[in-house]
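Colleague: I should like to learn how the features of a structural model are read. Could we take them one at a time, with the general idea before the case?

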Amino acid sequence: MYPTGEASMPLFVLMIGLLGAGLGLLAEIGVRKAVPRLSVDTSVRFKITTAALTGALSAAMAFRFGQSSALAAYLVLVILAVQLALIDIRHHLLPNRLVLALLTAGAVLLSAAAAASPSWDALLRGVVAGAILFVIYLILAIISPRGIGMGDVKLAAPLGLYLGYLGWSQVFYGGALGFVAGGVVTAVLVRAARDEKPAEVAFGPSMFAAALAVILLPI
């Protein structure tokens, strides 16, 4: 449900955007303390850029969900998605601690949203979707271990939960677009490297980008 009155909607979106930017800064500090060996960049410019990106995505989520009880869950997704994507790009790793935090927060906040709606069928669908995507990615990782890592397999579970809460169409398109985006990124990097094929390509950012795009552009 959106804020009452047309004039209040832009203010609500702005407030959530600023909140997201602030929480993004706090998350960066928390991640640096939790996994110091995986810190990305501590420069002021980088922090401001990361906070701005988190704030913009948070504002987009506010516009998408309004004052829905599910908004908090998707704000957590945005905040941790930015941090995890940056770590994966730099270190080709998705820390178990952060992926588990995303899954746990999603389960708790979406359960609260389902109870407030009530919309238990959406929560059940999300849980089933998370399990399905996890199994699909696990099979693909076994078949092609150089293409998909175990971090990507674990990440599929929370992303499936978030996508499944919205619908099966979101699960399908979010999963499919993730592979498309990953393929495009790989092709671009291979072309840029010319004869030298990149040893590893971070797949997590493509998964996040596809999931967020599908969530923000409802099907």
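Modeller: Certainly. Please keep in mind that this is a predicted model. A search of the whole structure finds 1 salt bridge, and we may begin there.

Colleague: Which side chains meet in the salt bridge?

Modeller: The general idea is that side chains of opposite charge can pair when their charged atoms come close. Here the partners are Glu28 and Arg32, with 2.6 Å from N to O.

Colleague: Where do Glu28 and Arg32 lie?

Modeller: An α-helix has 3.6 residues a turn, so residues three or four places apart point the same way. Both Glu28 and Arg32 belong to helix 1 (residues 8–34), and they are 4 residues apart, about one turn of the helix. Glu28 is buried, at a relative accessible area of 11%, whereas Arg32, at 25%, is partly exposed.

Colleague: How should I read the aromatic rings, and how many aromatic pairs are found?

Modeller: A pair of aromatic rings is described by the distance of the centres and the angle of the planes. The search of the whole structure gives 6 aromatic pairs. One of them joins Tyr137 and Phe179, which are stacked, with 5.2 Å centre to centre and 20° between the planes. Tyr137 is in helix 5 (residues 120–143) and Phe179 in helix 7 (residues 168–193), so this pair ties together parts that are 42 residues apart in sequence.

Colleague: Are Tyr137 and Phe179 buried or exposed?

Modeller: Tyr137 is buried, with a relative accessible area of 3%. Phe179 counts as partly exposed, at 32% relative accessibility. Phe179 also forms a tilted aromatic pair with Phe203, at 5.7 Å centre to centre and 45° between the planes. That pair again links distant parts of the chain, 24 residues apart: Phe179 is in helix 7, and Phe203 is in the loop between helix 7 and helix 8 (204–216). Phe203 is buried, its relative accessible area being 9%.

Colleague: Which residues do ring pairs link into a cluster?

Modeller: Phe65, Tyr74 and Tyr162 are linked in this way. In addition, the charged end of Arg64 sits over the ring of Phe65, 4.6 Å from the ring centre.

Colleague: How may the length of a helix be checked, taking helix 6 as the case?

Modeller: One compares the expected span with the distance between the end C-alpha atoms. At 1.5 Å a residue, the 17 residues of helix 6 (residues 150–166) should span 24 Å, and the end C-alpha atoms are 25 Å apart, which agrees. Helix 6 nevertheless bends by about 25° at Ala156, with a proline, Pro158, following within four residues. Of the 17 residues of helix 6, 14 are buried. After helix 6 comes Gly167, whose phi is positive, near 155°.

Colleague: Which residues of helix 4 are buried, and where do they lie around the axis?

Modeller: The buried residues are Leu98, Val99, Leu102, Gly106, Leu110, Ala113 and Ala114. They cover an arc of only 125° around the axis, which means that they are on the same side of helix 4. The face turned away from that buried side carries the exposed residues Arg97, Leu100 and Val108.

Colleague: How many residues of helix 8 are buried?

Modeller: Helix 8 is mostly covered, with 10 of its 13 residues buried. Among them are Met207, Phe208, Leu212 and Ile215.

Key
Residues are numbered from 1 along each chain as its sequence is written. This is a predicted model: local features need pLDDT of at least 70, side-chain atom pairs count only at pLDDT 80 or more; totals for chains, interfaces and linings use all residues. Side-chain values use heavy atoms; hydrogens and water are left out. A salt bridge is a side-chain nitrogen of Lys or Arg within 4 Å of a carboxyl oxygen of Asp or Glu. Helices (H or I, at least four residues) and strands (E, at least two) are DSSP runs, numbered from the N terminus. Buried means under 20% relative accessible area, exposed over 50%, partly exposed in between (1.4 Å probe, protein chains only). The expected span of a helix is 1.5 Å times one less than its number of residues. The bend at a residue is the angle between axes fitted to the seven residues ending there and the seven starting there. Rings of Phe, Tyr and Trp (its six-membered ring) pair if their centres lie within 6.5 Å; planes under 30 degrees apart count as stacked, over 60 as edge-to-face and the rest as tilted. A charge sits over a ring if NZ of Lys or CZ of Arg is within 6 Å of the ring centre and within 35 degrees of the ring normal. The arc is that of the directions from the helix axis to the C-beta atoms.
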